[in-house]
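Visitor: Could you walk me through this structure, a piece at a time?
Guide: Gladly; have a look at it, and then we can begin.

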Amino acid sequence: MAKLFVYDGYTDRFLVYPSLKESDPMPYATGGTLTVREFRGSSAANVLWTTTAAMEAWNLTRRRYGAGIPVGYAFKRIWEGGHGTTSQHYAGVAFDVGQRSSAANRRRIHAAATATGAWGYVEPLSMTPTWVHFDRRYGKPACPNTTAGYPTCRRGDRNTYVLILQDALNALGYPAGGLDGIFGSRTETALKGAQRSLGLTADGVCGCASWRQIAAASVGIGRTKTVVDS
């Protein structure tokens, strides 16, 4: 069973599905083309998240491709690791697919994903020789000269990047409270505590320097005693 948060950017709110079976289709994935089990991949977490925009991009890609798309990796919690320090997989908006497909079918999947125009990034096949990567990132990265980083998060924000921040802070022992994706007072207090410990300006805003250090400290550290996963 999984608890799933789906952020809807059109209404700026989260839709919460408290108890989904592994065989259930992902909300907003039409035609049962993506199940909860497929979306979670190798993640062992109880709480997962994504966005309506990512699901819509998936639907467009699946429809254009016209056949099932095997998913190898989609969602991961930052403390589970498996990807880079600011991977879009931790935001629940990235897919690595086609690992069990032929090279010809991977080229077709890549072409379908590119043709939709719905993904923020479709990685060149030369960089992913045995899979296809696409993601639906959003927001301007906090760090300059990159398109792959996380956006600045501050009090009042509401999105899956706030969920990553809350998750990382909890894992590192700075109690941001429960996971809800809403940057409130507890998240701000926890962030200031982490910033002070890391020698950063304790302004309660997660910008480039804060993301770099918090992500580097938390990625792949495993399920600590302070992880919140319910």
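**A buried aspartate and onwards**

Guide: Asp-229 counts as buried, at 9% relative accessibility, where buried means under 20% relative accessible area, exposed means over 50%, and partly exposed lies in between (1.4 Å probe, protein chains only). Before going on, please note that this is a predicted model, in which local features need pLDDT of at least 70 and side-chain atom pairs count only at pLDDT 80 or more, while totals for chains, interfaces and linings use all residues. Residues are numbered from 1 along each chain as its sequence is written, and side-chain values use heavy atoms, with hydrogens and water left out.

Visitor: Okay, and where is Asp-229 found?
Guide: Asp-229 is in the segment after α6; helices (H or I, at least four residues) and strands (E, at least two) are DSSP runs, numbered from the N terminus.

Visitor: What does the side chain of Asp-229 reach at 3.0 Å?
Guide: The side chain of Asp-229 reaches the backbone nitrogen of Val-47 at that distance, 3.0 Å. There is also a polar contact between the side chains of Asp-229 and Arg-223, at 3.0 Å. A polar contact is a pair of N or O atoms within 3.5 Å; within protein, one must be able to donate a hydrogen and the other to accept it, and residues adjacent in sequence count only if both atoms are side-chain atoms.

Visitor: Switching topic: how many disulfides does a search of the whole structure find?
Guide: The search of the whole structure finds one disulfide, a term used here for a pair of cysteine sulfur atoms within 2.5 Å. The disulfide joins Cys-143 to Cys-208, with 2.0 Å from S to S. This pair links distant parts of the chain, 65 residues apart, with Cys-143 in the loop between β7 (132-135) and α4 (160-171) and Cys-208 in helix α6 (residues 208-218).

Visitor: Why is the disulfide right-handed?
Guide: The disulfide is right-handed because the torsion about the S-S bond of Cys-143 and Cys-208 is about 100°.

Visitor: And why is there no bond from Cys-153 to Cys-206?
Guide: The closest cysteine sulfur to that of Cys-153 is in Cys-206, but it is 6.1 Å away, so it is too far for a bond. Cys-206 is in no disulfide. Cys-153 is buried, with a relative accessible area of 0%, and Cys-206 is buried with a relative accessible area of 0%.

Visitor: What about β7, are its faces covered or uncovered?
Guide: Both faces of β7 are covered, since Val-132 and Phe-134 on one side and His-133 and Asp-135 on the other are all buried. In a regular strand the side chains alternate between the two faces of the sheet.

Visitor: How many bridges join β5 to β7?
Guide: Four bridges join β5 to β7, and these strands run antiparallel; two strands pair if DSSP finds at least two bridges between them. Asp-135 in β7 is the bridge partner of Ala-94. Strand β6 (residues 121-122) pairs with β7 in the antiparallel sense as well, over two bridges, with Tyr-121 standing opposite Asp-135.

Visitor: Which residues in the largest nonpolar core touch the most other members?
Guide: Of its 62 residues, Leu-34, Trp-58, Phe-95, Val-97, Phe-134, Ile-164 and Leu-165 touch the most other members. A nonpolar core is a set of buried Ala, Val, Leu, Ile, Met, Phe, Trp, Tyr and Cys residues joined through side-chain atoms within 4.5 Å. Helix α4 gives the most to this core, with eight residues.

Visitor: And what is Val-97 in contact with?
Guide: Leaving aside its neighbours within four places in sequence, Val-97 is in contact with residues including Trp-58, Ile-69, Ile-109 and Phe-134, where contact means heavy atoms within 4.5 Å.

Visitor: Trp-58 is in α2, right? What covers the buried residues of α2?
Guide: Trp-58 is one of the buried residues in α2, and what covers those buried residues includes β1 (2-8), β3 (47-51), β4 (71-73), β5, α3 and β7. Just after α2, Gly-66 takes a positive phi of about 85°.

Visitor: One last spot: is Pro-25 buried, exposed or partly exposed?
Guide: Pro-25 is partly exposed, with a relative accessible area of 44%, and lies in the loop between β2 (13-20) and α1 (36-40). Pro-25 and Val-36 are 11 residues apart in sequence and 5.9 Å apart in space, C-alpha to C-alpha.
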